[in-house]
Amino acid sequence: MALIEVKNLSVTIKQKKILEDINFAVEDGEVTVLVGPSGSGKTTLLRTLNLLQQPAAGTIQIGQSTVDGRKLNKKSTRALRAESTMVFQQFNLFKNMTVIENVMAPLLLNKLAKWDEAHAVAEERLREVGLLEFADKYPSSLSGGQQQRVSIARAIAVKPAVVLLDEPTSALDPELVGSVLKTILELAKQHITMVIVTHEMDFARQIGNQIIFLEKGQIVHKGTPDEILSDQGPERVHNFLNSVSAAY
Amino acid sequence: MNFDWKYFINAFPALAKYIPVTLLLAVLAMVLAIILGGLITLLQFSRYRPLRWFAAVYVSFFRGMPALVQLFLIYYGLPQLFPIFKGLPALIATVIGLGFKQSAYLSEVFRAAVNSVDKGQVEAGWALHITSFKIFRYVVLPQAFINALPATGNTFVGLLKETSLAFTLGITEIFAEGKMLAGDSFKYFETYLAVGLTYWALIIIYSWAQSGVERLLTRPYR
């Protein structure tokens, strides 16, 4: 059984169909990358996986939890959210907490660990992303790249079944992108299951086990990076890649 | 120009004796306003429409009337309808009147402070599986508190001056003492100038203290 299984998912926002009949699966330990032109619904799809966006229909199964888009309730919403954590484009670190308090927060507020244990875990995670020396600083004193690495540490602290990353480098200055991508590659090496929305095509090729190409709210192509993103890939994707690289 | 400097200087210590009364009125009314304002803010965010309506009417009512009218309504009006209010001390009536009025303003301040916390903070909490209540308690509230500080301080400054209305209910505070001094001496200008400067001095000291506290508390955010 796949770790994530999405079936016939559709999302409607203000009577407008944003996603239609989305079907895909993600295997445990693999990385899925969502690509496509802006407005294609990538971010909406990612946000639907933890129900920050409510689906209109379809089912989402992650690990042991399954929700039906037509029958959402508080309990099933919380159960599905327990399976994943998210890394946001704008980092969204808790501004009133220090770096280490940010990483400890999901552990403590979900009562997953006592303070000592949470502190130890947080230190370990911060060491992994190379920011332990900033433990007692507040997020506002860190660069964007550092904040994003803290938010990655926070996302993996609770050992979720899957980490969702929404354009994790889009808000960063170019020179800060590399360190964040490197951190995400490290997670992939540890076989942490991830679903990533990104515009970094080289990164997508490098990290993805599965590439999903969306356009106008539908999955147009999916497959391995070689099948989708190589020169022999589908023409539509090829044109998209050319337009992306032309922009630089 | 016959400005009596000696009288003017001597007025200050006489007025200063009533600073504690003024401060007591202002602080008690502020405590009441913060508690009530916080409750009204909660109602404003309620999912039940009647509660939101109640909050809206409350705010509109207490903002839409002169404070003096409210004080008279409470102190002279209420005992007529409800005999239980007959022995209501003027000090309590003032605290209630000013407290209710300022709570209407404060609830708007608090609401804006909560709304100005970035929505991403709440989403991050949800995405980390934290309950809405805990997100509010540990993430939104501390940030809203900082957001609300400057405007809450302004409210207190307003309140401090409004306590001068208490003289109409027979409380002797700074202004009432000034009125008596002026009545005795007929030196109106000197007296009321001293009264005004006394309030000004209190507010300068308060503002200085508040900006110090703000600097301290907002340090993490800069």
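**Exercise 1. Identify the residue of S4(A) that is the bridge partner of A:Ile4, and place this pair in its strands.**

*Solution.* The structure is a predicted model.
Step 1. The bridge partner of A:Ile4 in S4(A) is A:Ile62.
Step 2. Strand S1 of chain A covers residues 4-13 and strand S4 of chain A covers residues 57-62. These strands run antiparallel and are joined by five bridges.

**Exercise 2. Determine the strand order of the open sheet in chain A, and explain why one side of S2 and of S5 has no neighbour in the sheet.**

*Solution.* Step 1. The four strands of chain A follow the order S2-S1-S4-S5, and their pairing is antiparallel.
Step 2. Strand S2 (16-26) and strand S5 (65-68) of chain A are at the edges; each has a single partner strand, so one side of each lacks a neighbour in the sheet.
Step 3. From one strand to the next, the twist averages 20 degrees.
Step 4. Helix H1 (residues 42-49) of chain A packs on the sheet and touches S1, S2 and S4 of chain A. The direction of H1 makes about 65 degrees with that of S2(A).
Step 5. H2(A) also packs on the sheet, touching S4 and S5 of chain A, and its direction makes about 135 degrees with that of S5(A).

**Exercise 3. Describe the side of chain A that touches chain B, by element and by residue class.**

*Solution.* Step 1. In chain A, 18 residues are in contact with 17 residues of chain B.
Step 2. At least two residues of this side come from each of helix H2 (74-81), strand S6 (84-87) and helix H3 (99-109) of chain A.
Step 3. The side of chain A that touches chain B comprises eight nonpolar, seven polar and three charged residues.

Key: Residues numbered from 1 in each chain as written. Chains lettered and ligands numbered in written order. Predicted model: local features only at pLDDT ≥ 70, side-chain atom pairs only at ≥ 80, totals over all residues. Contact = placed C-beta atoms within 7 Å. Nonpolar A, V, L, I, M, F, W, Y, C, P; charged D, E, K, R; others polar. Pairing = 2+ DSSP bridges. Axes fitted to C-alpha atoms, helices over the stretch in contact; angles between N-to-C directions.
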